[in-house]
Amino acid sequence: MKDANDMSAADAPTDTPTDTPTDTPTDTPTANARTGPREEDRAPMTFTVRVFIYLVGVHFIAGFLFLLFYVAGAK
């Protein structure tokens with residue numbers, strides 16, 4: 001029994017029509033050509049904020065440890 005999720009590569013639809021004239025250039029933009037980044041290409045805003053906070057936090061901790069070693073080594 002086959003349903004819509006059971007597709008092989010041979011069953012996949014093709015984007016090129018079979019009756020395409022041979023004199024048309026293949027490098028012309030199509031109607032669905034991308035003009036810029038789409039929303040799904042970007043990371044979610046919460047992820048971006050979390051990464052920024054982690055980067056700042058790690059640099060703060062590393063700076064604090066550097067300061068501790070600097071002060072301890074001055075004596």
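This is a short chat about reading an aromatic pair and its surroundings in a predicted model.

Colleague: Before we start, what are the ground rules for this predicted model?

Modeller: Local features need pLDDT of at least 70 and side-chain atom pairs count only at pLDDT 80 or more, while totals for chains, interfaces and linings use all residues. Residues are numbered from 1 along each chain as its sequence is written, and side-chain values use heavy atoms, with hydrogens and water left out.

Colleague: How many helices and strands does the protein chain have?

Modeller: Both are DSSP runs numbered from the N terminus: helices are H or I, at least four residues, and strands are E, at least two. Here the protein chain has one helix and zero strands.

Colleague: And how many aromatic pairs are there?

Modeller: Rings of Phe, Tyr and Trp (its six-membered ring) pair if their centres lie within 6.5 Å; planes under 30 degrees apart are stacked, over 60 edge-to-face, and the rest tilted. That rule gives one aromatic pair. Phe66 and Tyr70 have ring centres 6.4 Å apart and planes at 20°, so they count as stacked. They sit four residues apart in helix α1 (residues 45-73), so about one helical turn separates them.

Colleague: Are Phe66 and Tyr70 buried or exposed?

Modeller: Buried means under 20% relative accessible area, exposed over 50%, and partly exposed in between (1.4 Å probe, protein chains only). Both Phe66 and Tyr70 are exposed; for Phe66, the relative accessible area is 59%.

Colleague: What share of the protein chain is buried?

Modeller: Buried residues account for 0% of its 75 residues.
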